[in-house]
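Grab the model and work through these exercises. Try each task yourself before you read its solution.

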Amino acid sequence: VTAPAPGGDGGRLRRLLRWVAEVAPLLLRTHLAVFYIFGAYRRLADRVVGMRFISTSERPYRGPSYRPLGVLLLLQLAAHAVAKRAARRRTAGDDAAQVASRAAIVAKMGSTGAARGGGGVALRAPLCYI
């Protein structure tokens, strides 16, 4: 029996916890926005199990509407999603530019004979960028 390699399952657990820490606030804010708009399911657990509360009074209290607040919260979440996607695209564009620049260097070295031992310094480019 061998011991698990360091960072094996621990890395997966860290990635899962990081993902949960990133997604949980967004899920709770989305739930709050939907609650403000529709007025049902005060808690996320109530929404998950479908538990609704009923009023037994003849004239239930009707306070101010929180619907505009819910709409603003949804707009904020949408803007956050757009900004995050733009940041990912920007990062992906930077990575593609780095790959293209390295490929150009390797191609130039190949044409001068440096990569075949012609006296230059050979670069090792990674095969995969993850």
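A pocket, on a 1 Å grid over the protein atoms alone, is an open set of points where a 1.4 Å probe fits, with protein on both sides within 12 Å along at least five of seven lines; lining residues have an atom within 4 Å of a point. Grid points are joined across faces, edges and corners, and a volume is the space filled by probe spheres set on the points. This is a predicted model: local features need pLDDT of at least 70, side-chain atom pairs count only at pLDDT 80 or more, and totals for chains, interfaces and linings use all residues. Residues are numbered from 1 along each chain as its sequence is written, and side-chain values use heavy atoms, with hydrogens and water left out.

**Exercise 1.** Describe the largest pocket and its lining.

*Solution.* Start with volume: about 750 Å³ for the largest pocket. Next, 21 residues line it, and F38, G39, A40, Y61 and R62 are the closest to its centre. Then look for the top contributor: helix α1 (residues 8-38) gives the most, four residues. Helices here are DSSP runs (H or I, at least four residues), numbered from the N terminus.

**Exercise 2.** Is D46 buried or exposed, and which residues does D46 touch?

*Solution.* First, place D46: helix α2 (residues 44-49). Its relative accessible area is 4%, so D46 is buried (under 20%, with a 1.4 Å probe and protein chains only). Finally, skipping residues up to four places away in sequence, D46 touches Y41, M51 and F53 (heavy atoms within 4.5 Å).

Technical notes:
Helices (H or I, at least four residues) and strands (E, at least two) are DSSP runs, numbered from the N terminus. Buried means under 20% relative accessible area, exposed over 50%, partly exposed in between (1.4 Å probe, protein chains only).
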